[in-house]
Amino acid sequence: MVAAVSGLDANWYDAHVTFYGDRQGYGLETTALSTALFNEGLTCGACFEIVCVNDPQWCINRSSIIVTATNFFPQNYTEPNFDHWCNPPQKHFDLSMPMFTKLAYYRAGIIPVKYRRTPCKKQGGVKFEIKGNSYWTLVLIYNVGRAGDVTDVKMKGSNTGWIQMSRNWGQNWEMGTVLTVQSLSFQLATSDGNFIEFNDIAPSNCQFDQTYDGWKNF
């Protein structure tokens, strides 16, 4: 676990940044993280402030951006130099081109930066994307404010008590209980120690492959 990735952290750390051209993500203000920052998906949802430093030829007036971690930038051991940008222990962000060019000129390609964890400021409520089948429920939780990264989830139906969910990957949470014909509620905890309950955010006639809005944020 990298200290700079665990909860909010006002300290600045060194890293590098590149940009991608065709990866799909959750909007432009997002980033893929190298192995050292991704932490096996536990950092998904966290927000980072990034500023270009120590490269006056390419940096644009020490501009800063804030992005949300949504993807993994995989390591690459096929090149002759195994010290690739995304190989451990390198800390690296892969941004959309519009976000990269707020920090530096396009031709730079790769730039040195400073980064820190920062509170996420999200519009609207927390989103719950519910998938599954008659044996299994999977919920993707996103658009979470404050720390952004969810560390614990419980779910209940209108006819049950709270049921612990387990992390499938990133911010996808699963359980083997299917709560059909019940309204659904959630309890979330985030890495900064905050806890919030969302009651009856999905109705009793809710369907799989639908997204429901918690209508409040941390």
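The exercises below work through the disulfides, one strand and the nonpolar cores of a predicted model.

Residues are numbered from 1 along each chain as its sequence is written, and side-chain values use heavy atoms, with hydrogens and water left out. Local features need pLDDT of at least 70 and side-chain atom pairs count only at pLDDT 80 or more, while totals for chains, interfaces and linings use all residues.

**Exercise 1.** Find the disulfides of the structure and state their pattern along the chain.

*Solution.*
- Step 1. Apply the criterion: a disulfide is a pair of cysteine sulfur atoms within 2.5 Å. A search of the whole structure returns two.
- Step 2. One joins cysteine 47 to cysteine 120, with the sulfur atoms 2.0 Å apart. The other joins cysteine 52 to cysteine 59, also with sulfur atoms 2.0 Å apart.
- Step 3. Counting bonded cysteines along the chain gives the pattern 1-4, 2-3.
- Step 4. Cysteine 44 is left out because its sulfur is 12 Å from the closest cysteine sulfur, in cysteine 120, which is too far for a bond.

**Exercise 2.** Assign the handedness of each disulfide and determine which parts of the chain the pair of cysteine 47 and cysteine 120 ties together.

*Solution.*
- Step 1. For cysteine 47 and cysteine 120, the angle about the S-S bond is 115°, and the link is right-handed.
- Step 2. Helices (H or I, at least four residues) and strands (E, at least two) are DSSP runs, numbered from the N terminus. Cysteine 47 sits in strand E3 and cysteine 120 in the loop between E6 and strand E7 (127-133), so the bond ties together parts that are 73 residues apart in sequence.
- Step 3. For cysteine 52 and cysteine 59, the torsion about the S-S bond is about -70°, so this disulfide is left-handed.

**Exercise 3.** Classify the cysteines 47, 120, 52, 59, 44 and 206 by burial.

*Solution.*
- Step 1. Use the cut-offs: buried means under 20% relative accessible area, exposed over 50%, and partly exposed in between (1.4 Å probe, protein chains only).
- Step 2. Cysteine 47, at 2% relative accessibility, is buried, and cysteine 120, at 5%, is buried too.
- Step 3. Cysteine 52 and cysteine 59 are both buried.
- Step 4. Cysteine 44 has 6% relative accessibility and counts as buried. Cysteine 206 has a relative accessible area of 19% and is buried.

**Exercise 4.** Describe the surroundings of strand E3 (47-52).

*Solution.*
- Step 1. Six of the six residues of E3 are buried, so the strand is largely enclosed by the rest of the structure.
- Step 2. Split the strand by face: Cys47, Glu49 and Val51 lie on one side, and Phe48, Ile50 and Cys52 on the other; both faces are covered.
- Step 3. Two strands pair if DSSP finds at least two bridges between them. E3 pairs antiparallel with E4 over five bridges and antiparallel with E6 over six bridges.
- Step 4. The bridge partners of cysteine 47 are threonine 68 in E4 and threonine 118 in E6.

**Exercise 5.** Identify the largest nonpolar core and the contacts of valine 17.

*Solution.*
- Step 1. A nonpolar core is a set of buried Ala, Val, Leu, Ile, Met, Phe, Trp, Tyr and Cys residues joined through side-chain atoms within 4.5 Å.
- Step 2. The largest has 25 residues; Val17, Phe48, Ile50, Phe93, Leu95 and Ile111 have the most contacts inside it. Elements giving two or more residues to this core include strand E1 (13-20), helix H1 (35-38) and strand E3 (47-52).
- Step 3. Contact means heavy atoms within 4.5 Å. Beyond its neighbours within four places in sequence, valine 17 touches residues including Ile50, Phe93, Phe100 and Val113.
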